[in-house]
Amino acid sequence: TKMKRVSFKMEFLFRASPSILYQFFTTPNCLIRWFCDEIDITGEVYTFTWEGADEIAELVEDKENERIRFKWEDADSDDEYLEFKFEKSPVTNETILTLIDFCDDDEIDDQKQLWESQMKQLKQETGG
């Protein structure tokens with residue numbers, strides 16, 4: 001039977017400003033420091049490479065220093081996307097990074113763990 005696809009949301013706090021974080025999601029030399037092995041960006045098309053395998057995503061929304069949204073070329077549904085939102089916490093002055101991703105409903109824990117480790121790496125790269 002086919003698994004149900006579900007979205008989930010996670011929040012992470014960073015000391016780095018939204019504009020610095022934004023760079024880490026949109027520039028090749030920053031993306032390879034925490035997210036993928038290689039990357040090619042041609043216009044709105046991002047080709048990410050992990051262990052020799054390519055995954056292609058289209059940048060469908062781009063608000064500088066605020067929000068970016070990707071759609072994977074091989075996504076199961078047009079409703080699926082991967083979104084990152086950056087906002088300053090008025091209280092702590094930290095940046096709140098919110099991500100929304102989709103996966104099979106029996107894979108949520110695995111997928112969250114994966115993001116936890118990616119974000120840990122991103123934190124190291126951006127100074128906490």
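**Pocket and contacts**

Student: Which strands and helix each supply at least two residues of the largest pocket's lining?

Tutor: Strand S4 (53-63), strand S7 (95-104) and helix H3 (108-126) do. Helices (H or I, at least four residues) and strands (E, at least two) are DSSP runs, numbered from the N terminus. A pocket is an open set of points on a 1 Å grid over the protein atoms alone, where a 1.4 Å probe fits, with protein on both sides within 12 Å along at least five of seven lines; lining residues have an atom within 4 Å of a point. This is a predicted model: local features need pLDDT of at least 70, side-chain atom pairs 80 or more, while totals for chains, interfaces and linings use all residues. Numbering starts from 1 along each chain as its sequence is written, and side-chain values use heavy atoms, without hydrogens and water.

Student: Which one gives the largest share?

Tutor: H3, with four residues.

Student: How much space is in there?

Tutor: About 500 Å³ (the space filled by probe spheres set on the joined grid points). The lining has 20 residues, and Trp50, Glu55, Trp72, Asp101 and Gln111 are the closest to the centre.

Student: New topic. Where is Tyr46? Buried or exposed?

Tutor: Tyr46 sits in strand S3 (residues 45-50). Tyr46 is buried (under 20% relative accessible area, 1.4 Å probe, protein chains only), at 4%.

Student: What does Tyr46 touch?

Tutor: Leaving out residues up to four places away in sequence, its contacts (heavy atoms within 4.5 Å) include Phe25, Leu31, Ile56 and Phe70. Tyr46 and Ile56 are 10 residues apart along the chain, with C-alpha atoms separated by 5.8 Å.

Student: And what does Phe84 contact?

Tutor: Beyond neighbours within four places in sequence, its contacts include Phe25, Phe70, Leu97, Trp115 and Met119.

Definitions and conventions
Buried < 20%, exposed > 50% of the residue type's maximum accessible area, 1.4 Å probe, protein only.
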